[in-house]
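Biologist: I am new to this structure and would like a close look at the part around the ligand. Could you take me through that, and then through a few other spots worth a visit?

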Amino acid sequence: MLFCRKGNTMATLGNPTNTMAVLNRYGFSFQKKYGQNFLIDRGILEKIIREAGITKEDTVLEIGPGIGTMTQYLCEGAKKVIAVEIDKNLIPILTEDTLASYDNVKIINDDILKLDINRLAEEENGGKPIKVVANLPYYITTPIIMGLFESHVPIDSVTVMVQKEVAERMQVGPGTKDYGALSLAVQYYAIPEIVAVVPPECFIPRPNVSSAVIRLTRHNKAPVDVKNEKQMFAIIRAAFNQRRKTLKNSINNSPELGFSKESVETALEHMGLPDAVRGEKLTLAQFAELSNLLG
Ligand code: SAM
């Protein structure tokens, strides 16, 4: 497969031969601390772009472009791509080589967790919603996703490769062992849907775990009415920090919250829930109701 831009033709990177050629040309060594596992499967790359619903109207934020493999596909499909990469050794590869012939990409050498993404969306897309697409560094999956949602960055959807187990945690409801604070937080902001399961052979180097692509489509309106979002999430955190304890004890033990066991008991009774219920049994709507009742 070939991509053409500015009169040049270049071989795409989504295969082992072209990827190794670029890495060797620059004498690049993988940095484990940055979670570097580069995609080498064209089918998966095309699937990600398709599932993200990228069109020529879209401004896309890519977190961790690596050597620019997925970035090439994004540049072909989107209006504009902003690619944020922490590893300075990858920047010359991107600017001089793999993305040199694209005029719709902006490469930023920074840590995504330190960047003001709201400002970036304002500057690059006039504050209109962007799409986020990434093969995420697995060591910071949760802070990246929660940071995007909690800081209210204008977003349509987030389509990302993550560890399969983490993708499953985002999607499940009460009554399963994977259900937890991440499931509730993600589902408060978005509709999660696993769209592909990806084996280790699709990456160089191979990760030790299976991966999955998950699409999080942002709700237009929050699915529950909650008076104090911060307090609800503090209750959720308390419930799952001490998963084996009853909810009233977990809430009572939380240094973040100041509620007595009695006030929790009264609220649970009002909701028709048993006095000894554990947090893992409650739905998002029930956590919202409990938070509203506690005031
Ligand atoms: N997108 C490429 C691909 O699919 O082949 C690379 C994906 S690799 C799993 C993750 C990338 O995120 C690496 O290039 C890594 O250097 C970069 N990265 C790690 N931590 C980062 C951070 N805090 N901010 C920005 N990029 C980061």
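Modeller: Happily; here is a walk that begins at the ligand and then moves to a helix pair, a side chain and two loops. Please keep in mind that this is a predicted model, in which local features need pLDDT of at least 70 and side-chain atom pairs count only at pLDDT 80 or more, while totals for chains, interfaces and linings use all residues. Residues are numbered from 1 along each chain as its sequence is written, and side-chain values use heavy atoms, with hydrogens and water left out.

Let us start with the ligand. It is surrounded by 23 residues, the closest being L39, G64, E85, D111 and Y139; a residue counts as near if one of its heavy atoms lies within 4 Å of the molecule. Some of the polar contacts (pairs of N or O atoms within 3.5 Å) involve ligand nitrogen. A backbone N or O atom of G64 is 2.8 Å from a nitrogen atom of the ligand, and a polar backbone atom of P65 is 3.4 Å from a ligand nitrogen. From D111, a polar side-chain atom lies 2.9 Å from a nitrogen atom of the ligand. On its own the ligand has 600 Å² of accessible area, and the protein covers 99% of that (Shrake-Rupley method, 1.4 Å probe).

Next, look at helix α8 (residues 181–189) and helix α9 (residues 229–241), whose axes are 9 Å apart at an angle of about 155 degrees. Axes are lines fitted to C-alpha atoms over the stretch in contact, with angles from 0 to 180 degrees between N-to-C directions; helices are DSSP runs of H or I with at least four residues, and strands are runs of E with at least two. The two helices are therefore roughly antiparallel, a term for angles over 145 degrees. A181, L184, A185, Y188 and Y189 of α8 meet E229, M232, F233, I236 and F240 of α9, where contact means heavy atoms within 4.5 Å.

In helix α12 (residues 284–294) you will find N292. Its side chain reaches the backbone nitrogen of K227 at 2.9 Å.

Finally, two loops. Between β10 (203–204) and β11 (211–218) lies P205, and the peptide bond from I204 to P205 is cis, with omega near -20 degrees. H152 sits in the loop between α6 (141–150) and β8 (155–163); its phi is near 55 degrees, a positive value in a residue other than glycine.

Note on methods: Angles under 35 degrees count as roughly parallel, over 145 as roughly antiparallel, 65 to 115 as roughly perpendicular and the rest as oblique. A polar contact is a pair of N or O atoms within 3.5 Å; within protein, one must be able to donate a hydrogen and the other to accept it, and residues adjacent in sequence count only if both atoms are side-chain atoms.
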